[in-house]
Amino acid sequence: MKFLLVAGARPNFMKIAPVLEAFRRYRDAHEVRLVHTGQHYDAKMSDDFFRDLGIPEPDVNLGVGSASHAEQTARVMVAFERVCLREMPDWVVVVGDVNSTMACAITAKKLGIRVAHVEAGLRSRDMSMPEEINRLCTDAVSDLLFTTDEMANENLRREGVPEEKICFVGNTMIDSLLKHIERARWLPLPEGLTPGGFAVLTLHRPANVDRPEVLAGILGAVSVVAESMPVAFPVHPRTARDLPQDVHRNLRLMQPLGYLRFLGLVANSRMVMTDSGGIQEETTVLGIPCLTFRPNTERPITCEIGTNIVVGNEPGRIREAALAVLRDGAGKGRIPEKWDGHAAERIVEVLLNGHPVSG
Ligand code: UD1
């Protein structure tokens, strides 16, 4: 059989790497090609992740770059259609919820190619998030829906997805984390930071960073943490555009970090503040308190049994929650079922040999 594996943006790379790796031992019998859409293209957003995760050069790079949602999605579709027509794969495998995920899923399905979605069934129920639209569209056209937890299975069942399409395999992003954590943990920290003596901040959601007054409000609120410890703040290119000049002196602004340096940073931190999706899951596995600056999450399991607290982006609420974590920590979380480092092996097993018993 022939498989096209798709990755486009930073949070895709750690999800696709273990799937590629799990396919490796079948490479004499099956063809596997990696397609990079080029949605993210800077070395710090893409190449550094390929290097850190040991992902080989993509077989195809669509080079779509940045644009409005419609234009970016359209560019991926046009370019990916040509690749599909040339390669005629049996399966297209997409991961996560970025524009590239949805664009490639729809394109493949319209050509009659089967689609598998890794990280299916997550729902924030917030249609103002482009990722929620991407998740719904991708799941609607996928033939196999690989899920990370029982809540995702439930979401899909409620939407009428037949049981035989749903396959609870665990979390490939956690496969990458477990593979690399020991190496990452011992990498040098950015200057001035000591293990357990600093916090981490990441922000890139349009709702938090596209309006300067909202971004300034969040950074002002984070000062309550910066008063007592340095706050490492790797700045996403989207966030860099409107960053205020006068931030707290203990807020340590830095370029985006590669996969290993960032994982090491989080693993050594006392707390994390973020609006990312994936970091909510990584902190749950690492047992690090996480405050999520969003009104909701598509990953409620990280709050229910993990170390995540959803606090929104209102400065007063952020201050209150941050002070509580500084005082009490976030309690002891548990690691969700099947987040055990073997999700990608299960996925490849299903793709090659058919559906196992559900659950
Ligand atoms: C995208 C994903 C988001 C994911 C995030 C992780 C969608 C809808 N959004 O958001 O789900 O959490 O990636 O980073 O797919 N830019 C660069 N260099 C790059 C890439 C982007 O400078 O390599 C800048 C450009 O100015 C671009 C902006 O960042 O316009 C936003 O990039 P884009 O890919 O459109 O969305 P993200 O905000 O990164």
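These legends go with close-up views of a predicted model, covering its ligand site, its largest pocket and its largest cavity.

**View A. The ligand and the residues around it.** Start with the shell: 18 residues surround the ligand. Gln-39, Asp-42, Asn-99, Glu-131 and His-204 come closest. Sorted by class, the shell has eight polar residues, five charged ones and five nonpolar ones. Two helices, helix 3 (69-87) and helix 10 (237-240), each put at least two residues into this shell.

**View B. Polar atoms facing the ligand at His-40, Asp-42 and Asn-99.** Zoom in on the N and O atoms here. In His-40, a side-chain N or O atom is 2.9 Å from an oxygen atom of the ligand. Asp-42 also uses its side chain, with a polar atom 2.8 Å from a ligand nitrogen. Asn-99 brings in its backbone instead: an N or O atom there lies 2.8 Å from a ligand oxygen. As for cover, the ligand on its own has 740 Å² of accessible area, and the protein covers 87% of that.

**View C. The largest pocket, home of the ligand.** Pull back a little and you'll see that the ligand sits in the largest pocket. This pocket holds about 1100 Å³ of space. Its lining runs to 45 residues, and those closest to the pocket centre are Pro-11, His-40, Met-45, His-204 and His-236. His-204 is also one of the closest residues to the ligand.

**View D. Who builds the pocket wall?** Which elements give two or more residues to the lining of the largest pocket? They are helix 1 (10-23), helix 2 (43-53), helix 3, helix 5 (130-141), helix 10, helix 11 (259-267) and helix 12 (278-286). Helix 1 gives the largest share, with four residues. Going by class, the pocket lining has 20 nonpolar residues, 15 polar ones and ten charged ones.

**View E. The one cavity of 30 Å³ or more.** Now leave the ligand for a different kind of space. How many cavities of 30 Å³ or more does the structure hold? Just one, and the largest cavity has about 40 Å³ of space in it. Its lining is made up of Ala-184, Leu-187, Pro-188, Leu-189, Pro-190, Leu-260, Arg-261, Gly-264 and Leu-265. Helix 11 gives four residues, the largest share of this lining, and helix 11 also gives two or more residues to the lining of the largest pocket. By class, the cavity lining has seven nonpolar residues, one polar and one charged.

How values were computed. Residues numbered from 1 in each chain as written. Predicted model: local features only at pLDDT ≥ 70, side-chain atom pairs only at ≥ 80, totals over all residues. Heavy atoms only, no water. Near = heavy atom within 4 Å. Polar contact = N/O pair within 3.5 Å; in protein donor to acceptor, adjacent residues only side chain to side chain. Areas by Shrake-Rupley, 256 points an atom, 1.4 Å probe, with all protein chains shown as cover. 1 Å grid on protein atoms, 1.4 Å probe; cavity = no way out; pocket = protein on both sides within 12 Å on 5 of 7 lines; lining within 4 Å. Sits in = over half its atoms within 2 Å of the grid points. Nonpolar A, V, L, I, M, F, W, Y, C, P; charged D, E, K, R; others polar. Points joined across faces, edges and corners; volume = space filled by probe spheres on them.
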